[in-house]
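This report covers two topics: the largest pocket and one helix pair. The sequence and structure come first.

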Amino acid sequence: MNWIEINNRIEVCLKSSDPLSCLLRLFEETGDGMVAFRIGEIYQKRGEIDKALRYYEIAYDRFPLPKYKNMAKQKIESLKRGLMDWTEVNERIRNCLSSSSPIKCLKKLYDETKDGMVAFNLGELFETRGDLNEALKYYTIAHEKFPLKEWKERAYKRIESVKAKLAEEEKQTKVLFIVSCTRSKIWEKDESKKYVPAKYAYIGKTMRIWLTLEESKKYPWIIFSSKYGFIDPDHPIKNYDIHFVNDRDKAVSDITLLRQIEHYEFEYNGRSFKIKDFDVIYFVGSREYYDELKKIFDRVGLKFEMYPRWIPLENKKSVIDKVLNLINPALKFLILLNNPQKITSADIPDEEGVYAIIHDGEVIYIGSSNNLRRRILDNHLRGSKDKSVLRAKLIDKLGSEKAVTEFLSKCEVAFMTTKDISCSRKALEHYLIAMLEPKYNS
């Protein structure tokens with residue numbers, strides 16, 4: 001088939017309903033460099049850079065004329081430069097997302113790169129946190145910056161979704177939540193901090209439970225402090241010990257609270273508001289604090305109620321506290337799974353803890369012991385089916401103790417000591433099993 005006929009068939013493919021499939025069939029038939037080049041162009045437009053690069057390289061190898069070889073070479077070099085830049089930006093995005101301050105990190109990265117993907121990730125973070133106006137801002141930037149149609153469409157869909165959410169919020173009854181301060185504060189654990197944002201300063205059950213609820217991300221909310229009165233969640237406070245009911249002479253005065261209700265401006269999602277602007281104000285906290293505050297709100301004729309959903313939660317605080325105490329050690333353990341050791345490691349301590357046996361990157365067994373070294377090395381790795389539930393289950397699959405030992409010697413282990421955690425070791429073990437569902441724990 002001569003080049004004129006091939007070019008004619010390329011034109012037919014490009015005008016067809018599925019140009020890529022047509023060109024791929026033509027390439028299989030002819031192996032022609034120009035067909036490969038056109039395939040590369042289509043993949044490049046779709047944003048499938050690796051595939052585009054592969055077909056441009058095929059085209060370079062098959063073009064007989066220097067003019068066309070140079071054309072393919074320019075495409076290859078341009079894509080490789082772009083791929084390097086894209087890879088670097090995405091690696092930095094991943095680093096930001098795993099940092100302690102992802103939004104701050106991504107904002108700094110965006111200021112440096114003005115990259116659409118950075119803006120898109122900022123939009124996702126703000127949307128997750130309920131900050132819809134900021135999410136809309138960064139999705140719009142991403143839509144403008146993205147060069148590829150596919151990603152422009154993704155950003156457009158997010159923009160439309162956020163706009164719909166904002167419109168729905170406008171229709172809803174205007175609800176404000178006021179969350180009570182707690183006696184337990186961050187300074188019990190770290191006296192070195194002088195001022196801390198209020199939502200992080202109060203570490204008692206009320207604040208800890210509230211921050212896990214969907215309402216904390218969906219609705220505007222402020223904090224009631226016995227010392228400061230009504231404050232924004234990010235308002236920095238210093239340590240104090242005042243009870244609103246028992247220490248009325250030291251606590252914030254009724255006059256100050258009335259003034260704050262009438263005149264103070266607070267902020268939510270970049271918009272300012274006053275307490276008196278809302279149709280319903282729900283209180284999250286103790287009944288005695290609610291009773292005192294209700295008298296003040298009644299004086300200005302505002303609808304102030306104990307949040308109905310909070311009442312059963314208030315009665316189950318002890319149970320909820322146990323769950324909350326599991327979350328932090330569980331998250332810490334999940335991070336450790338990314339850096340497992342050989343199951344034969346001499347670094348396994350003879351302390352109490354929880355552990356995971358990992359095979360080919362998959363957690364296959366979760367356990368706990370008052371002596372990690374003895375359980376992992378002596379019972380599982382070198383023991384017998386009588387001393388190890390895991391070995392007994394593996395024998396059913398592998399057929400012999402020797403085969404089990406060989407299999408386990410190739411596995412990895414992640415472990416965490418538990419002597420300093422706030423929940424029981426067995427509770428943490430069962431929680432991890434429920435989350436990870438390892439095949440040999442069933």
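The text below describes a predicted model, beginning with the pocket and ending with the helices.

**Largest pocket**

The largest pocket holds about 1,700 Å³ of space. Its lining is made up of 41 residues, and Arg-129, Lys-199, Tyr-200, Leu-211 and Trp-221 are the closest to the pocket centre. By residue class, the lining of the largest pocket has 16 nonpolar, 13 polar and 12 charged residues.

Several helices and one strand each supply at least two residues of this lining. They are listed here with their residue ranges.

| Element | Residues |
|---|---|
| Helix H6 | 102–113 |
| Helix H7 | 116–128 |
| Helix H10 | 198–201 |
| Helix H11 | 205–210 |
| Helix H12 | 215–218 |
| Strand E6 | 266–268 |
| Helix H16 | 317–336 |

Of these, H16 gives the most to the lining of the largest pocket, with six residues.

**Helices H1 and H3**

Helix H1 spans residues 3–14 and helix H3 spans residues 33–46. Their axes come within 10 Å and cross at roughly 20°. Angles under 35 degrees count as roughly parallel, and H1 and H3 are therefore roughly parallel to each other. The crossing of H1 past H3 is right-handed.

On the H1 side, the residues that meet H3 are Ile-6, Asn-7, Ile-10 and Leu-14. On the H3 side, Met-34, Val-35, Arg-38 and Ile-42 take part. The residues of this contact of H1 with H3 divide into six nonpolar, one polar and one charged.

Note on methods
Residues numbered from 1 in each chain as written. Predicted model: local features only at pLDDT ≥ 70, side-chain atom pairs only at ≥ 80, totals over all residues. Heavy atoms only, no water. 1 Å grid on protein atoms, 1.4 Å probe; cavity = no way out; pocket = protein on both sides within 12 Å on 5 of 7 lines; lining within 4 Å. Points joined across faces, edges and corners; volume = space filled by probe spheres on them. Helix = DSSP H or I, 4+ residues; strand = E, 2+ residues; numbered from the N terminus. Nonpolar A, V, L, I, M, F, W, Y, C, P; charged D, E, K, R; others polar. Axes fitted to C-alpha atoms, helices over the stretch in contact; angles between N-to-C directions. Parallel < 35°, antiparallel > 145°, perpendicular 65-115°, else oblique. Left-handed = near helix turned anticlockwise from the far one by under 90°. Contact = heavy atoms within 4.5 Å.
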